[in-house]
Amino acid sequence: GKLKTRSSHLTEGINKRMKAALVCLVVMAYLLADSSTAQGSTFEFKCGVEELKDDFISRMDNVEGNLNNVEDKLNNVEDKLEGKLDELQVQHQDLQGKIDRLATVVDGKLDDLKQLLEKVITSQYQPVDGGWTQWGKWSASGSYFEQTRGRTCSNPAPSNGGSSCTGESDEKEACTGGRCKGEKLYTSDGYSFFKTPVPYGTSMEHPAVSKTCIGAGMKSVCSFPKGCISNSDSCRMTPLSTTTCGWSTMHPLSKLICNGKQAPECPKLEGMFSDFNNPPRGEYGIVGGKYAWAEIKTDVYHVSKKETPYFAYCVL
């Protein structure tokens, strides 16, 4: 803008001077044409052309200098702009690299999300066939010399119209040869004492304990010393048989496994009955933390059930 203004001022100055010089030349020509003036006289008439020439050259030199200065500045600005452009290009490339890396990460996350969504949809709506759990532990069944175990169709459970499991949920097996012995409570001097499950549905009237022990390949423990009429003919005398014909038939065992406690106070003996040949009162055991005859009242006995199982006092 300044350069344009200066150029305009310069042009205006030159035009004024050229007009003045032109007027001067016209006057001079007129004087020369007048013979009366020019004849026999010599004069010197200057119209300032030389001064105009010198001034014009000076001004043109000044303009050229200003133009050179402007050109230098423009070149400097151009260099700076090129430097900024290069810097912006580097920043652009760096930003583009970051955008590309971010796009790769986002694409990967979107793929993961898509797969997860497909799994969720599949798990919710695709039919799932049922599968069996592992077989449970063997337990006494409703018959002597048998044991049962079960499994459930819940690994996984059938869903969304999937098929149920094929096969049986319960299994029975003969358990002769000592496979229904139950829990070993104590071992000493070659004797092993067991808490053997009584088959479900068994009434605890004599000789339920003896039959359970024989079915498991063992003997019932003789509750009393030899000569006591309450001993069964099939029981076995052991170091834990009582020394008197009293009632604490499992007290010697209770002292050993429950820190000297009486049998009703020993949780390990809960629900266990000993062989007691005393009809019609039936076998003798621990029920609800108390000594109990198998007979509840006349002709009614405790019965071993799945929800309330009973056990026989056996020895091997």
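Okay, let's start with lysine 195 and what sits around it. Setting aside its neighbours within four places in sequence, lysine 195 is in contact with Lys181, Gly182, Glu183, Leu185, Pro267, Lys268, Leu269, Glu270, Met272, Phe311 and Ala312. Keep in mind that this is a predicted model.

So where are we in the fold? Lysine 195 belongs to strand S5, which runs over residues 191-197. Here's the fun bit: lysine 195 is buried, and yet it has no salt bridge. Which side chain of opposite charge is nearest to it? That's glutamate 183, 5.0 Å away, and a salt bridge needs the nitrogen and the carboxyl oxygen within 4 Å.

What does the side chain of lysine 195 reach, then? One partner is the backbone oxygen of lysine 268, at 2.9 Å. Another backbone oxygen, that of glutamate 270, lies 3.1 Å from a polar atom of the lysine 195 side chain.

Now for the nonpolar side of things. The largest nonpolar core has 17 residues, and those with the most contacts inside it are Phe193, Met250, Leu253, Ile257, Leu269, Met272 and Tyr313. You'll remember Leu269 and Met272 from the contacts of lysine 195. Who supplies this core? S5, helix H5 (251-257) and strand S12 (311-315) each put in at least two residues, and S12 gives the most, with three.

Let's take one of those residues, isoleucine 257. Apart from neighbours within four places in sequence, isoleucine 257 is in contact with Leu185, Tyr186, Cys266, Lys268 and Leu269. There's also a second, separate core of 13 residues, and among them are Cys180, Phe194, Met204 and Ala208.

Terms used. Residues are numbered from 1 along each chain as its sequence is written. This is a predicted model: local features need pLDDT of at least 70, side-chain atom pairs count only at pLDDT 80 or more; totals for chains, interfaces and linings use all residues. Side-chain values use heavy atoms; hydrogens and water are left out. Helices (H or I, at least four residues) and strands (E, at least two) are DSSP runs, numbered from the N terminus. Buried means under 20% relative accessible area, exposed over 50%, partly exposed in between (1.4 Å probe, protein chains only). Lys and Arg count as positive and Asp and Glu as negative; His and the chain ends are not counted. A polar contact is a pair of N or O atoms within 3.5 Å; within protein, one must be able to donate a hydrogen and the other to accept it, and residues adjacent in sequence count only if both atoms are side-chain atoms. Contact means heavy atoms within 4.5 Å. A nonpolar core is a set of buried Ala, Val, Leu, Ile, Met, Phe, Trp, Tyr and Cys residues joined through side-chain atoms within 4.5 Å.
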